[in-house]
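This report goes through the packing, the ring pairs, the internal cavities and the unusual backbone sites of one protein chain. It begins inside the chain and ends with the backbone.

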Amino acid sequence: MDEGSELSLTIAQIVQRLKGSHLHSQIERQAKECLHQPDIKLESLKEDVRSFLKTSGWERQLQNAVYRELHVQLPPSHPAAPAEHLKEPLAYMRKAQASWEKRVLKSLNSMSTELGVPLARMRPAAEQKELTNKWNEMGTDEPDLTRFRPVYAPKDFLEVLIGLRNPNHDSSEDIGVRSHWGLIQVPLNVRDIPQLRQAYSELNLTTGQLGIDDHAHIHPDLFENEYVQVGKKVLLEQDSAAAQQYSRQGCSTGLRADLWALILNATNQPQDVMHYEQLTAGVIQHDLLVDNLIYKDVKLTASNDDYYFVFEDFLYQVLLCFSRDTAVLDHFKYNSATPPKSVIQGKEGDEECAVVYPPNGVIPFHGFSMYVAPLCFLYNEPSKLYSVFREMYIRYFFRLHSISSSPSGIVSLCLQFERLLQTYLPQLFYHLRQIGAQPLRIAFKWMVRAFSGYLSTDQLLLLWDRILGYDSLEIVAVLAAAVFAFRAENLMEVTSLASAEAVLADLSTLKVMPLIQIFLFATAI
C-alpha cells in the first residue's frame, strides 16, 4: 500500500474505534449544548463549535485518545491480509505460540480435574457476604493453597523459546561463529549499540537525567528544579505526546503518577470507577480456579518482598478484577496469543459452548503479580491503580510472556541481550558458555518481569519511565547486558552456573541509569 492509502486506513480504523467510546458521546453532547451559547453564530457554526471544543479542553482529550489508539492498534497492512498475519506475520512463531497455549491450558484443566475444583462456580450467599466484608483485608486470609501450583514458571517458558527454529532458515549461512554461541537461534533483526545510541539519544552522557546523581555539566539541584517545572507545565497542558517525550529523561517522584496516567491516557472518570466496581461485584459473585493461582502467586512473590508486602490487599483486588475484565480481550487483535477457551460443564464436545477462560483471556503464571506491585507505590486509589495497570499490560507486559517477532517481544529481547554480550563482551560470553552458565539462563527471569522484584523500587520506576518514554521494552535487554558488563570482572572468575548466579543474585544496590548510559555510550565499538 502507498503512504496515502495507509494513512487513510489508519484514520478510518481510529475513527471507527472512537465512535463507540464514552469520549465520543461526551464530545457530541458538549457540541450540542454549546449551540445555545450567544457567541455561536449560524454562518460560522463549524468553526465556532470547533473553537469551543478547543478552549474547553475537549480537543486535547480527543488528541490523547487518538494518540493512545496509535499505540495499541495494529500497524497498517494490506486489507486482504488474514487476521492471524496481523497478529504475527511469521508462521513458525504462530505455531509455537499455539502449541504453548495448548500446553498451558492442558496444565490448567488437569489441575482442575486432579483437585476436583471447578474452573468457575457461583459463590453461596454467605461466602459472598464474607468476601464483601473482608475485601480490603484479603491479605489477612490464609487459605490452604498447598495443592495449587503455578501453571508455569519463566524457566519453563524459556525452554520453549530455546527450541524455536525457523524451518526456512539455513543457519549454516550465518556469518561468523558467534551467532551460534547463544541459546536463541532465530533470525530476527535486533539493534546493535550504534543503532541504539541513535534511538536513545536523550540518554547520552551529556544530557541531564533523573536517576543520575552527578550530571556532567549541570548542578543536580539546578537541573532537577528546572526539569520539575517543565514537568508541571506538561501536566498543565494535558498532552500525552509531550508527557511521553518528557519521560525519556525520567519523571520526578511527585509527578510520576500523573505523568504515567497521562502517557497511557488511563483516566479515572466516574465511568472508569463504575467499571472497576462492576468487576469487583463479579469477583464477589463468582469464584474462579485462577483466583487460587493469583493468591498463590502473591503469597510466593510480593508477600515475601521487602518493598511490596504491604500492598498485598491491593494486589489481590487488582488481579482478581483483572481476571474478569473482558475489555482486556481487545488486545488479542495485536497480540500473537489467542485467548484460551474452556467448555461449560456438561457441554463437553460442543464447540459452541466453549467460553474464554479466564474472562480476560490471560492465565497468570509465577511472578505475574510483580507487574502490578511497583504501581502500588504510585496509586493509592484501587480504580486508578487498576486503570494504569491494565494499560501497561495491554501495551507492554503481554509481550513478555507471548511468542512473537515483535521488537519489544520476549524473543527479540533475549536475542538482543545475547547479541549485545556476544558482540561487546565476547570473552565473558565465551567463558560463561564454557562453564555451562549461559547468560540468558540467568537474565531471563529479570527480563520476563521487566526487572520487577529485582531492582530497588526507585530504580525500577526510573527504568519503567524509559519504557513508557520510548514506547519500547528494548531498554530491558540493554539493562540486562549492562548488568553483566558491570559485574564482568567477578564473572570471569566463576567456575559454575551456581557461582555465576551468586555474583548476580542481588541487584538491589544497582543504579540503573548510569549502568545503561555507560554501556550504551562508553562501550568501545
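Phenylalanine 484 is buried, its relative accessible area being 0%. The model that shows this is a predicted one. Phe484 is also among the residues with the most contacts inside the largest nonpolar core, together with Phe389 and Trp446. That core has 161 residues, and helix α21 gives the most to it, with ten residues.

**The chain as a whole**

The protein chain comprises 24 helices and four strands. Of its 525 residues, 53% are buried. Among contacts with a separation of 6 or more, 77% are between residues 24 or more positions apart.

**Helix α19 and its surroundings**

Trp446 belongs to the buried residues of α19. Not counting residues up to four places away in sequence, tryptophan 446 touches Phe451, Tyr454, Ala480, Val483, Phe484, Leu504 and Leu507. Two of the core residues with the most contacts, Trp446 and Phe484, therefore touch one another, and the second of them is buried at 0% relative accessible area.

Helix α19 spans residues 439-448 and is mostly covered, eight of its ten residues being buried. These are Pro439, Leu440, Ile442, Ala443, Phe444, Trp446, Met447 and Val448. They pack against α8 (154-162), α17, α18 (426-434), α21 and α23 (497-503).

The backbone just after α19 has a positive phi at alanine 450, of about 55°. Phenylalanine 451, in the loop between α19 and α20 (457-470), also has a positive phi, near 70°, and is not a glycine. Phe451 counts as buried because its relative accessibility is 0%, below the 20% limit.

**Aromatic pairs**

The count of aromatic pairs comes to 28. One of them is formed by tyrosine 227 and tyrosine 246; this pair is stacked, at 4.3 Å centre to centre and 10° between the planes. Tyrosine 227 is in helix α10 (residues 220-237) and tyrosine 246 in helix α11 (residues 240-247), so the pair links parts of the chain that are 19 residues apart. Tyr227 counts as buried at 6% relative accessibility, and Tyr246 counts as buried at 6% relative accessibility.

Phenylalanine 417 and phenylalanine 484 form another pair, with ring centres 5.4 Å apart and planes at 65°; the angle is over 60°, so the pair is edge-to-face. Because phenylalanine 417 lies in helix α17 (residues 410-424) and phenylalanine 484 in helix α21 (residues 474-486), the pair ties together parts 67 residues apart in sequence. Phe417 is buried, with 0% relative accessibility.

Ring pairs also link a cluster made of Trp100, Tyr152, Phe157, Phe322, Phe365, Phe368, Tyr371, Phe389, Tyr393, Phe397, Phe444 and Trp464. Phe389 of this cluster is one of the core residues with the most contacts, and Phe444 of the cluster is one of the buried residues of α19.

**Cavities**

How many cavities of 30 Å³ or more does a search of the whole structure find? It finds four. The largest has a volume of about 220 Å³. Its lining consists of 18 residues, and those nearest the centre of the cavity are Gln97, Glu101, Gly361, Ile363 and His401. Helix α6 (residues 91-115) supplies the largest share of this lining, five residues. By type, the lining residues divide into eleven nonpolar, six polar and one charged.

**Unusual backbone sites**

Most residues other than glycine have a negative phi, and most peptide bonds are trans. The table collects sites that depart from this pattern.

| Site | Backbone value | Location |
|---|---|---|
| Tyr357 to Pro358 | cis, omega near -10° | Pro358 in the loop between β4 (354-356) and α16 (382-395) |
| Gln238 | phi about 55° | loop between α10 and α11 |
| Ala450 | phi about 55° | just after α19 |
| Phe451 | phi near 70° | loop between α19 and α20 (457-470) |

Is glutamine 238 buried or partly exposed? Glutamine 238 is partly exposed, because its relative accessible area of 40% falls between the limits of 20% and 50%. Phenylalanine 451, by contrast, counts as buried at 0%. The loop that holds Gln238 runs between α10 and α11, the two helices that carry the stacked tyrosines 227 and 246.

Note on methods:
Residues numbered from 1 in each chain as written. Predicted model: local features only at pLDDT ≥ 70, side-chain atom pairs only at ≥ 80, totals over all residues. Heavy atoms only, no water. 1 Å grid on protein atoms, 1.4 Å probe; cavity = no way out; pocket = protein on both sides within 12 Å on 5 of 7 lines; lining within 4 Å. Points joined across faces, edges and corners; volume = space filled by probe spheres on them. Nonpolar A, V, L, I, M, F, W, Y, C, P; charged D, E, K, R; others polar. Phe/Tyr/Trp six-rings, centres within 6.5 Å; stacked < 30°, edge-to-face > 60°. Buried < 20%, exposed > 50% of the residue type's maximum accessible area, 1.4 Å probe, protein only. Core = buried A, V, L, I, M, F, W, Y, C linked by side-chain atoms within 4.5 Å. Contact = heavy atoms within 4.5 Å.
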